[in-house]
Amino acid sequence: MRLVLSDVGKTFLSLRGPVRAVRDVTLAIGEGELFVLLGPSGCGKSTVLNLAAGLVKPTSGEIRLGGRVVASRDGKVFVPPKERNVAMVFQSYALYPHLTVFENIAFPLRVAGEKKGDIGHAVAQAGKTLGISDILQARPAELSGGQRQRVAIARAIVRKPALFLLDEPLSNLDAGLRASTRGELKRLQRELGVTTLYVTHDQTEAMTLGDRIALLRDGAVVQTGTPRDLYERPETPFAASFIGSTPMNLLKIPVLEEGGNAVLCLGETRLILPPGQAARVRRLGTAGILFGIRPEHVRIARGTADRPVTGTVTSVEDLGRESLLQVRMGEMSLSVLTGDKTVREGETVVLDIPPEEAHFFAEGNGP
Ligand SMILES: Nc1ncnc2c1ncn2[C@@H]1O[C@H](COP(=O)(O)OP(=O)(O)O)[C@@H](O)[C@H]1O
Ligand SMILES: [Mg+2]
């Protein structure tokens, strides 16, 4: 079912004074879409999820679920959680310790008063989907973290929700299990075709899972788009540094107009910007510009680059298949991700910085 938030705001009244947890958030999540809310801790992700679930009442704005208003602008309409047909999974999967896995999954169906035969069928189906058919008679204490989280997910989907809400569901799992469960969640979501809002602070999770992502900061949406949009066209320095497995290099460097070209001054080196980039820089006004380049787009050229920039390697961090280098050029330092394992600390290297991969931001540009 489609979920639409229009100018939704939430201010909590706390002992510290009012906390504006959510500010004018507008999102439209399509039928069957897996939509990720991404942002640092405290940026309002859980509050947005709770607003969709009906656990929190908005201070302003409107929420619609499948075309029906579930929270109105004037505050007169507010549909409680149990009438919204939403299912939630949290980081801490609260299973009932005294009940078996079967009974845990069956619980919401029993509460809804469904028939015994139907319950047995639905639990078996959910168990099969999550690959936990063989542990239906176990109790939560006998299960691993990954199995428990699957039980929690099975319990959430067993009622065939109209909206599936997940709040950092994989945070308690260790790295390997997190990656495999992530893949399974995506497959499951596709199979069920249920509209899903997924909250995480982990950009890798957001990039691998999301059909689209909304990046949040201080309660507001900074940018919405596909993972590719956010990676290739971040609109702010915040988005640029938050997305990507190693943050984008952001440097304040001068851009000059020389002979009709916009020219980037990297230490002693001049890089002529391609026309599209030059136009963007001119729109920003050439003073006070942040130049951005992702570590994976800088290449170690070893003397053969057609746009050579030299620097000294000040550190080499071996990441396995690749190495993360810090390369100093005069006053500046660049992170460089390279597959070249022969580079040593203290070495002078030639860098190839492709101008077409450059990003530009106005300095001091907020979210
Ligand atoms: N019930 C509440 N009362 C007061 N402040 C709250 C409450 N819930 C959340 N907040 C505040 O709202 C902000 C956003 O919180 P939250 O939505 O939990 O962020 P996230 O899930 O992104 O970490 C935080 O500053 C948090 O302290
Ligand atoms: Mg949270």
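In this predicted model, helix α9 turns a face away from its buried side, and that face carries the exposed residues Pro275, Gly276 and Arg283. The helix itself covers residues 275-284, and its buried residues are Gln277, Ala278 and Val281. These buried positions lie on the same side of α9 because they cover an arc of only 100 degrees around the axis. A set of strands helps to cover them: β12 (255-258), β13 (261-266), β15 (289-293) and β21 (359-362) are included in what lies over the buried residues of α9. Just after the helix comes Gly285, whose phi is positive at about 80 degrees.

Helix α5 can be read in a similar way. With 18 residues, spanning 175-192, α5 reaches 26 Å from its first C-alpha to its last, close to the 26 Å expected at 1.5 Å a residue. Its buried residues are Thr181, Arg182, Leu185, Leu188 and Gln189. Because they cover an arc of only 135 degrees around the axis, these residues sit on the same side of α5.

The cover over the buried residues of α5 includes both helices and strands. Among the helices are α3 (116-130), α4 (145-157) and α6 (203-209), while the strands include β3 (34-38), β7 (163-167) and β8 (195-200). Just beyond the end of α5, Gly193 adopts a positive phi of about 65 degrees.

Methods:
Residues numbered from 1 in each chain as written. Chains lettered and ligands numbered in written order. Predicted model: local features only at pLDDT ≥ 70, side-chain atom pairs only at ≥ 80, totals over all residues. Heavy atoms only, no water. Helix = DSSP H or I, 4+ residues; strand = E, 2+ residues; numbered from the N terminus. Expected span 1.5 Å × (residues − 1). Buried < 20%, exposed > 50% of the residue type's maximum accessible area, 1.4 Å probe, protein only. Arc of directions from axis to C-beta. Contact = heavy atoms within 4.5 Å.
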